[in-house]
Amino acid sequence: MTDGSRVDHHHRWMSRAVDLARRSPHSAAAFAVGAVIVSDSGREIAYGYSRDDDPHVHAEESALLKAAGDRRLTTATLYSTLEPCTTRRSRPHATCTSLIIAAGIPEVVFAWREPALFAACEGVAMLMAAGVAVVELPEFAHLARAANAHLGL
């Protein structure tokens, strides 16, 4: 893939993640996030959004649960509108960062670094320390923030 087509590819899938974030039921205590897992051949494997089928599920967690056991995860890219979490109140041992690493996903693309509204986040650093390639698309940060307007951000 050329650099230009890779950027287009990232933008296409991040747009899908933003659309998913907008579907998240609002919560005064949690972010609205969208996530999509894409195979190396450019096909959607699974998607999720905050609270899509459980009041405590995170977007990345939801997508990973739907894709559990899929062999393509080890060559896939996970797109998320928010930096994957490293701290959770509801499931302290199942942070999105730890789930991504355990699944063997080699690349994460995200739009917005998690603000320290609910907890400190070190997702980028932890993913990189585990050998995961991390790409930030700051041009999508305003869209990720807009999906969280209910939090006053």
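How many of the eight residues of H2 are buried? In this predicted model, six of them are, and the helix is mostly covered. The buried residues are Ala-59, Glu-60, Glu-61, Ser-62, Ala-63 and Leu-64. These residues pack against strand E1 (34–38), against E2 and E3, and against H3.

The sheet on which H2 packs is open and consists of five strands. Their order is E2-E1-E3-E4-E5, and the pairing is mixed. E2 and strand E5 (133–136) stand at the edges with a single partner strand each, so one side of each has no neighbour in the sheet. On average, and with direction ignored, neighbouring strands of this sheet are turned by 15° against each other. H2 touches E1, E2 and E3 of this sheet, and the direction of the helix makes about 140° with that of E2.

Strands of a sheet pair through backbone hydrogen bonds, in either a parallel or an antiparallel manner. The pairing of E3 with strand E4 (residues 107–112) is parallel and comprises five bridges. Thr-77 has Glu-107 in E4 as its bridge partner.

Two loop residues were examined individually. Arg-51 is found in the loop that lies between strand E2 (44–49) and helix H2 (59–66). The phi angle of Arg-51 is near 60°, which is a positive value in a residue other than glycine. The relative accessibility of Arg-51 is 13%. Buried residues are those under 20%, and Arg-51 therefore counts as buried.

Thr-86 occupies a place in another part of the chain, the loop between strand E3 (77–82) and helix H3 (96–103). Thr-86 also counts as buried, because its relative accessibility is 17%. The side chain of Thr-86 reaches the backbone nitrogen of Glu-122 at 3.0 Å. Glu-122 is also one of the residues that Thr-86 touches when those up to four places away in sequence are not counted. The others in this set are Thr-95, Thr-97, Ala-120, Cys-121, Gly-123 and Met-126.

Terms used: Residues numbered from 1 in each chain as written. Predicted model: local features only at pLDDT ≥ 70, side-chain atom pairs only at ≥ 80, totals over all residues. Heavy atoms only, no water. Helix = DSSP H or I, 4+ residues; strand = E, 2+ residues; numbered from the N terminus. Buried < 20%, exposed > 50% of the residue type's maximum accessible area, 1.4 Å probe, protein only. Polar contact = N/O pair within 3.5 Å; in protein donor to acceptor, adjacent residues only side chain to side chain. Contact = heavy atoms within 4.5 Å. Pairing = 2+ DSSP bridges. Axes fitted to C-alpha atoms, helices over the stretch in contact; angles between N-to-C directions.
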